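Trainee: Before we start, could you take me through this model slowly, and tell me for each term how the value leads to the word?

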Amino acid sequence: MTTAFLTGVTGQDGTLLARRLLAEGVTVHGLARHEDDVASSHGQRPAEVVVHVADLRDTDALARIVADVAPDEIYNLAGISSVAYSWEQPVLTGEITGVGAVGLYEAAWRAQEAGGRPVRVVQASSAEIFGLPDRSPQDESTAIRPVSPYGAAKAYAHLMASVYRSRGLHVSTCVLYNHESPLRPTSFVTRKITAAAAKIAVDGEGVLALGNLDARRDWGWADDYVDAMVRAARHDAADDFVIATGRTHSVAEFAAAAFARAGIDDWEPHVRVDPRFVRPVDASEIVGDASKAARELGWRPTVEFEEVVGRMVDHDLALLRTS
Ligand code: GDP
């Protein structure tokens, strides 16, 4: 029987990964930062998950939990999840997203040494480690040159994964590009748009304020990205894998598709650009080449852009109609 330990279990990816592993019969333990997070995610998180509460910065507590749980697989999904927030809290971001990951590798390595059996770790890395890339699409050999506290913290965790790999720990990184679902909070542009399009369609009026409409992102379906992480954990050799669809769309195209799905063909009168949401540093296009993951993990994205948007809008319409 496999036991998995997930950090960030209350977030989008943690929730989806917990569901996926439980469906396979895996025993799932999760780490949450606060009791409050546990309570607020209650409706989404499967009840079978054994939740432990600790701060990733508390390396001793983390090591104790990992030793007690004795997991076969560890997925590090925890961290500050937004680039914008990382500018407000750069030190905290470094501690949790950067150093916290290293605490987890160390706990895994010690548990492996003490237990005499392998522990496999997957680090949820991020396209943000590439910063403003001079190459499109990016792959595993693209220069790591972050431009935000979030990207720099993820870059440190990414590089330390390879250090622990040399030390004998099976730790893989999945360099995840934007991946969405109805579990995304509205701090992300995708859910912000789908929630607003649904509300405007139901109310018959309203305006949505956005930032840069021309930014292009590689948006995939979050369940596919969770699947990639499971494949990476179970692959013979630990390695770095870019996980992306390889296709980009602009924020404007996302808005057009979302409003159309909600029944509004003329979206432009419902959107205005507000400088408050325009970022000081923002890559114009982020797109990944996942051919290594395809080749070595047999991974492929299964949900097209229109369908990603459609599922999110349908979910938001259903929420409004039942409330
Ligand atoms: P990120 O790529 O992980 O930062 O994901 P986001 O969903 O937060 O942002 C994706 C892109 O949408 C970025 O290029 C943002 O600059 C752009 N964007 C445009 N308007 C907005 C907005 O109102 N909110 C957010 N979060 N992003 C916006």
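Mentor: Let us begin with Val 309, which counts as buried because its relative accessibility is 1%, and buried means under 20%. Please keep in mind throughout that this is a predicted model.

Trainee: Where does Val 309 lie, and which residues is Val 309 in contact with, leaving aside its neighbours within four places in sequence?

Mentor: Val 309 belongs to helix 11, which covers residues 305-322. Leaving aside neighbours within four places in sequence, Val 309 is in contact with Thr 194, Phe 254, Ala 257 and Ala 258; a contact here means heavy atoms within 4.5 Å. The C-alpha atoms of Val 309 and Arg 191 are separated by 9.1 Å, and these two residues are 118 residues apart along the chain.

Trainee: What makes Asn 76 count as buried?

Mentor: The reasoning has the form used for Val 309: the relative accessibility of Asn 76 is 1%, and the cut-off for buried is under 20%, so Asn 76 counts as buried. Asn 76 is found in strand 4, residues 73-76, and, not counting residues up to four places away in sequence, it touches Thr 7, Leu 56, Ala 101, Leu 104, Val 122, Gln 123 and Ala 124.

Trainee: Leu 56 is in that list, so how do you know whether Leu 56 is buried or exposed?

Mentor: Leu 56 has 5% relative accessibility, and since buried means under 20%, Leu 56 counts as buried. Its place is in the loop between strand 3 (50-53) and helix 3. Not counting residues up to four places away in sequence, Leu 56 touches several residues, among them Thr 7, Leu 31, Asn 76 and Ile 96.

Trainee: Why is Thr 27 called partly exposed?

Mentor: The relative accessible area of Thr 27 is 25%; buried requires under 20% and exposed requires over 50%, so Thr 27 is partly exposed. Thr 27 is found in strand 2, which covers residues 27-32, and, leaving aside neighbours within four places in sequence, Thr 27 is in contact with Met 1, Thr 2, Thr 3 and Ala 4.

Trainee: Which word fits Arg 145, and why?

Mentor: Arg 145 has a relative accessible area of 44%, a value in between the limits of 20% and 50%, and therefore Arg 145 is partly exposed. Arg 145 lies in the loop between strand 5 and helix 6, where, not counting residues up to four places away in sequence, it touches Ile 129, Phe 130, Gly 131, Leu 132 and Asp 134.

Trainee: What is joined by a cis peptide bond, and where is Pro 137 placed?

Mentor: The cis peptide bond joins Ser 136 and Pro 137, with omega about -5 degrees. Pro 137 has its place in the loop between strand 5 (120-126) and helix 6 (149-166). Most peptide bonds are trans.

Trainee: What is the phi of Ala 70, and how accessible is this residue?

Mentor: Ala 70 is not a glycine, although it has a positive phi of about 50 degrees. Most residues other than glycine have a negative phi. The place of Ala 70 is in the loop between helix 3 (59-69) and strand 4, and with a relative accessible area of 34%, set against limits of 20% and 50%, Ala 70 is partly exposed.

Trainee: Turning to the whole chain, how many helices and strands are there, and what makes the chain as compact as a globular protein of that length?

Mentor: The protein chain has 11 helices and 14 strands. Its radius of gyration is 19 Å, close to the 20 Å that the globule rule gives for 323 residues, so the chain is as compact as a globular protein of that length. Buried residues make up 54% of the 323 residues, and residues 24 or more positions apart account for 77% of the contacts with a separation of 6 or more.

Trainee: How is the chain divided into domains?

Mentor: The domain assignment gives domain 1 (3-179 + 220-243) and domain 2 (185-217 + 248-283 + 304-322). Their centres, taken over C-alpha atoms, are separated by 28 Å, and eight residues of domain 1 are in contact with eight residues of domain 2.

Notes: Residues are numbered from 1 along each chain as its sequence is written. This is a predicted model: local features need pLDDT of at least 70, side-chain atom pairs count only at pLDDT 80 or more; totals for chains, interfaces and linings use all residues. Side-chain values use heavy atoms; hydrogens and water are left out. Helices (H or I, at least four residues) and strands (E, at least two) are DSSP runs, numbered from the N terminus. The radius of gyration is taken over C-alpha atoms; the globule rule is 2.2 Å times the number of residues to the power 0.38. Buried means under 20% relative accessible area, exposed over 50%, partly exposed in between (1.4 Å probe, protein chains only). Domain bounds come from an automatic or database domain assignment.
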